[in-house]
Protein chains: 2
Amino acid sequence: MSTVTTPFRSPKWMWGTINQESTMNETIRTILERRSIRAYKPDQLDETSIGQIVEAGRHAPSAMNQQSWHFTVIRDRTLLEALEIACKKVFLESDIEALREVAGRPDFSVFYHAPVLFIVTGDTGALAPQYDCTLAMENMMLAAASLGISSCWMHSIMMLYSTEKGKAVFSDLGIAFPERYEPFAAAVFGYSAISLPDAAPRKEGDVTFIG
Amino acid sequence: MSTVTTPFRSPKWMWGTINQESTMNETIRTILERRSIRAYKPDQLDETSIGQIVEAGRHAPSAMNQQSWHFTVIRDRTLLEALEIACKKVFLESDIEALREVAGRPDFSVFYHAPVLFIVTGDTGALAPQYDCTLAMENMMLAAASLGISSCWMHSIMMLYSTEKGKAVFSDLGIAFPERYEPFAAAVFGYSAISLPDAAPRKEGDVTFIG
C-alpha cells in the first residue's frame, strides 16, 4: 500500500489530455465550465428550460431514496424584490463584517437581478435532507449550464429562514413550504450579462491516493 | 401573482419533449440516467478516469470559493476490506433495525465489491464544508456516469467517523485526513455488474411555481 498526497497536476495522471476537445465529453465540459455568475440579463427563462432544470433536480440521488426535497420556483419580480430587501436587512444586521460591508454598497443586489429563484426545501423529518437538497441543486445548476443558463447559490435564503423574523418574512409574502420542510438549498438562475470568467484557481495538493 | 403546486408532468410544461432524443442534451441525459448501483465488476478504473472524476469534484461551487474539500481515493483492496468490516460492525451495532437487518445478511457487502472508494473530507473550520463536499461529490458521480462508470453514495463512512471508535479505525488503518478535516461525502465507483435499472418513480406534486 502506498499513500501519496500530490499536487494534482502530476504528469503521472496524464492530466492535460482532458483539456483537449477530443477527449473531454460534453458532461465533463459542462461541469468544468459552470461558473457562479453575479450579473444577469432581465430575460426570463422559458418554461421548457425551467422544466428541464427541475427534472434534473428530481433525479438526484437521495438517502434511502426518500426524495426529501420540494422545489419552489419564484419568478414574480415584485416578490423577488421584497425577498431581496429582507435578505439585505439580514446582511446589514449580520455579525460578519464582510456581509455588512457588501450589503451597504449602493449598487448591491442580493439576487443580482436574476429573473428566477429556486428554493429547494427538505423534509426536516427525513434521514438527510441537507444532502438530498444539495445534490438536487447541483444537478439543477449543471442542467442549466448545459442549456447556456447561469446560476449562483444563494445562502442568504437559508440565513434569512434561520431566524424567527426571517421565517415570518416568507409567510408574510405568501411563500409557503410544505409542513416540516425548510430551505436547505437555493440559487438564482438566468442568462449571464457578462462573458463567463475563467475558473478561480483550484487549490493545490487536495488529493490523496491510497493504493 | 399566482401560486400553483402541481403534479410535475403538467401538459402546460410540455414536459414529454425532453424525453425525446432530439431535445435532451448529453449533460441532461447523463443526469437523468445516473443510477445508484449496488453491484460492481472487479475491474479497476484507469487513472485517466479517476483523474477526470476528481477534477470534476474540484470544479464544484463552494461557499466564498473556499474549496474546503480534500479528496481521498482508496483503491487498495486489503484496505477496502478492512474498512468494510469496520462499517459492517457499525451497522450491526446501530439503533436502526433496518441497518442491523441488512448487515446481518451473509451476502452483505458495504461497498458492493466496488474497486474504489472516494472520501471527500471538508475543513470543519470553513463556512459550509458539508455543502462544498456534497456539491463536489455530485459533480464526481455525474462525471463518472458520463464515462459509463457507476457509483453509490456511502453514508456508512460518515457514520463510522462519527464515533470515537470509528475515528480510531481510520487512523489504525493509516488513513489520514488533513488537520481539521472530516468526511462529509463518500461514494464507491466502478463498472456496474448489472444493467442500469429504471429510475425509481419520482415523487409527485413536489414543485410549487410562484409567479
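Laying chain A on chain B takes a turn of 180 degrees and a shift of 0.0 Å along the axis, and leaves an RMSD of 0.0 Å (a least-squares fit on the C-alpha atoms of residues with pLDDT of at least 70 in both copies). That is the relation of a two-fold axis. In chain A, the C-alpha of A:Thr27 sits nearest the axis, at 2.3 Å. This is a predicted model, in which local features need pLDDT of at least 70 and side-chain atom pairs pLDDT 80 or more, while totals for chains, interfaces and linings use all residues. Residues count from 1 along each chain as its sequence is written, with chains lettered from A and ligands numbered from 1 in the order written.

On to the interface. Contact (C-beta atoms, placed from the backbone, within 7 Å) links 62 residues of chain A with 61 residues of chain B. Helix 5 (129–146) of chain A is among the elements giving two or more residues to this side, and its nine residues are the largest share. Helices here are DSSP runs of H or I with at least four residues, strands runs of E with at least two, numbered from the N terminus. Strand 2 of chain A also pairs with strand 6 (residues 207–210) of chain B, parallel and over four bridges; pairing needs at least two DSSP bridges. Within it, A:Val73 stands opposite B:Phe209.

A:Val73 is also one of the residues touched by A:Phe118, as are A:Phe71 and A:Met140, leaving aside residues up to four places away in sequence. In the largest nonpolar core, of 114 residues, A:Phe118, A:Val120, B:Phe118 and B:Val120 touch the most other members. Such a core joins buried Ala, Val, Leu, Ile, Met, Phe, Trp, Tyr and Cys residues through C-beta atoms within 7 Å, buried meaning 20 or more other C-beta atoms within 10 Å of the residue's own.

Definitions and conventions: Buried ≥ 20, exposed ≤ 12 C-beta atoms within 10 Å, placed from the backbone. Contact = placed C-beta atoms within 7 Å.
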